[in-house]
Amino acid sequence: AAPMAQRFATKLLIIGWDAADWMIIDHLFSISQMPNLRGLVERGIRADLATLEPRLSPLLWTSIATGKTAAKHGILHFVEPDPAGEGLRIVSSTWRKTKALWNMLTQSGLRVNVVGWYASHPAEPINGVCASNLFQEGQPALSKDKWPLTPGSVHPPAMADRIAAARVHPARITTDELKLFVPRLEMVRRSDELMTHLAKHLAQSHSVHNAACAILKERADWDCTMVFIWGIDPMSHLF
C-alpha cells in the first residue's frame with residue numbers, strides 16, 4: 001500500500017456558491033441533474049452551512065475567507081465610505097482588517113489563486129493569481145465595443161489580457177441558454193428587463209468560470225484555488 005501521505009490530494013479547491021440551497025439541489029439530484037456534484041456528495045460529506053447575522057453576502061463570505069466575524073475583519077456591508085469624501089463605494093479589500101486565507105497561504109510559501117471573491121478588489125499581491133470581484137465590471141453597451149479591465153482588478157498584471165479575454169458580454173448569452181431558465185421565452189416581452197438581468201448574471205457567472213479555468217491552465221503547480229460564483233443569489237431575488 002502507498003504511504004499514507006500519498007493517499008491524499010495535494011490541492012484544495014474551494015468553490016463558493018452564494019445562495020445555493022440543498023432543497024433545490026436535492027430536487028435536481030432526484031431528476032438525474034447535476035451528476036458531477038452528486039458524485040462529489042456520494043464520495044464525500046455534505047452538511048448545511050451555518051450563518052451569521054446580519055446575512056449580508058460580503059460580510060459572510062469575508063468571514064469564510066478569514067475565519068473571523070465582521071467585528072474583527074471589518075467588512076460590514078456591500079458599500080463603504082469613500083475615502084475621498086464623495087459618498088459611498090463598493091466595499092473593498094483595503095477595508096479588511098485581517099488576513100484572508102490567500103494572504104496566509106502566500107506567507108506560508110504556498111501558491112494560491114482567487115477568482116471573484118467578495119470584497120477582494122483591488123486584487124492583492126499574492127503568490128498566485130487574483131481576479132477580483134470587479135474584473136468583469138464596466139461592460140460596454142455593445143459587445144463589439146472596447147471593454148477595458150477595471151484598474152487594479154488583476155494580479156499579477158501579466159495575467160490581465162488572459163483574464164480580460166475570459167469575460168463574457170451579456171449579448172453573447174444565447175436564446176437557447178435563456179430558455180434553460182425560461183422555457184416559454186417566446187411569451188416574454190422583448191422589453192422585459194428581467195431577461196436583461198438574467199443575461200447579465202449568466203454572463204457574470206460564465207466570466208468567473210472562464211477566468212478560473214484560464215488561471216488553472218496557466219500553471220498546474222497551485223496549492224489552493226478559491227472561486228466565488230454569485231449568480232444564484234441575484235437571480236433568486238429577481239425571480
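Colleague: Taking a disulfide to be a pair of cysteine sulfur atoms within 2.5 Å, how many disulfides does the count come to?

Modeller: This is a predicted model, and the cut-off for a disulfide is a sulfur-to-sulfur distance within 2.5 Å. For Cys130 the nearest cysteine sulfur is that of Cys224, 12 Å away, and for Cys224 the nearest is in turn that of Cys130, at 12 Å. Neither Cys130 nor Cys224 is therefore in a disulfide under the 2.5 Å rule, and the count comes to zero.

Colleague: Is Cys224 buried or exposed?

Modeller: The label depends on relative accessible area, where buried means under 20%. Cys130 has a value of 2% and is buried. Cys224 has a relative accessibility of 3%, and because this falls under the cut-off, Cys224 counts as buried.

Colleague: Turning to the rings, which geometry class does the aromatic pair of Trp61 and Phe228 fall into?

Modeller: The structure holds six aromatic pairs, and one of them joins Trp61 and Phe228, with 4.8 Å from centre to centre and 65° between the planes. Planes over 60 degrees apart count as edge-to-face, so the angle of 65° places the pair of Trp61 and Phe228 in that class: edge-to-face.

Colleague: How many residues apart in sequence are the parts that this pair ties together?

Modeller: Trp61 lies in helix H3, residues 57–66, while Phe228 lies in strand S7, residues 224–229. Trp61 is buried at a relative accessible area of 10%, and Phe228 is buried as well, at 2%. Because one ring belongs to the helix and the other to the strand, the pair ties together parts whose separation in sequence is 167 residues.

Colleague: Which residue forms an aromatic pair with Phe78?

Modeller: The partner ring is edge-to-face to that of Phe78, with 6.1 Å between the centres and 75° between the planes. Phe78 is in the loop between helix H4 (70–73) and strand S2 (79–81), whereas its partner is in the loop between strand S4 (112–115) and strand S5 (130–131), 40 residues apart. Phe78 counts as partly exposed at 35% relative accessibility, while the partner is buried, with a relative accessible area of 11%; the partner is Tyr118.

Colleague: Which residues form one aromatic cluster?

Modeller: The pair of Trp61 and Phe228 and the pair of Phe78 and Tyr118 both have their members in this cluster. Trp102 and Trp117 belong to the cluster too. The full membership is Trp61, Phe78, Trp102, Trp117, Tyr118 and Phe228.

Colleague: Over the ring of which residue does the charged end of Arg167 sit?

Modeller: A charge over a ring is found for Lys11, which lies over the face of Trp222 at 5.6 Å from the ring centre. For Arg167, the charged end is 4.1 Å from the centre of the ring concerned, which is that of Trp147.

Colleague: Which backbone oxygen lies 2.7 Å from a polar atom of the side chain of Thr62?

Modeller: Thr62 is found in helix H3 and is buried, with a relative accessible area of 3%. Leaving aside residues up to four places away in sequence, Thr62 touches Gly67, His73, Ile75, Arg96, Tyr118 and Ala119, and Tyr118 is also a member of the aromatic cluster. The backbone oxygen at 2.7 Å from the side chain of Thr62 is that of Pro58.

Colleague: At the start of helix H1, which backbone nitrogen does a side-chain oxygen of Asp21 reach?

Modeller: Helix H1 covers residues 22–30, and the side-chain oxygen of Asp21 reaches to within 2.8 Å of a backbone nitrogen at its start. That nitrogen belongs to Met23.

Colleague: What is the phi of Ser32, which follows H1?

Modeller: Ala19, in the loop between strand S1 (12–17) and H1, has a positive phi near 75° although this residue is not a glycine. Ser32 is found in the loop between H1 and H2 and counts as exposed at 61% relative accessibility. Ser32 is likewise not a glycine, and its phi is positive, at about 65°.

Colleague: Which residue does a cis peptide bond join to Pro54?

Modeller: Another cis peptide bond runs from His155 to Pro156, with omega near 0°, and Pro156 has its place in the loop between strand S6 (154–155) and helix H6 (160–166). Pro54 is in the loop between helix H2 (35–43) and H3. The cis bond to Pro54 has an omega of about -5°, and the residue joined to Pro54 is Glu53.

Key: Residues are numbered from 1 along each chain as its sequence is written. This is a predicted model: local features need pLDDT of at least 70, side-chain atom pairs count only at pLDDT 80 or more; totals for chains, interfaces and linings use all residues. Side-chain values use heavy atoms; hydrogens and water are left out. Buried means under 20% relative accessible area, exposed over 50%, partly exposed in between (1.4 Å probe, protein chains only). Rings of Phe, Tyr and Trp (its six-membered ring) pair if their centres lie within 6.5 Å; planes under 30 degrees apart count as stacked, over 60 as edge-to-face and the rest as tilted. Helices (H or I, at least four residues) and strands (E, at least two) are DSSP runs, numbered from the N terminus. A charge sits over a ring if NZ of Lys or CZ of Arg is within 6 Å of the ring centre and within 35 degrees of the ring normal. A polar contact is a pair of N or O atoms within 3.5 Å; within protein, one must be able to donate a hydrogen and the other to accept it, and residues adjacent in sequence count only if both atoms are side-chain atoms. Contact means heavy atoms within 4.5 Å.
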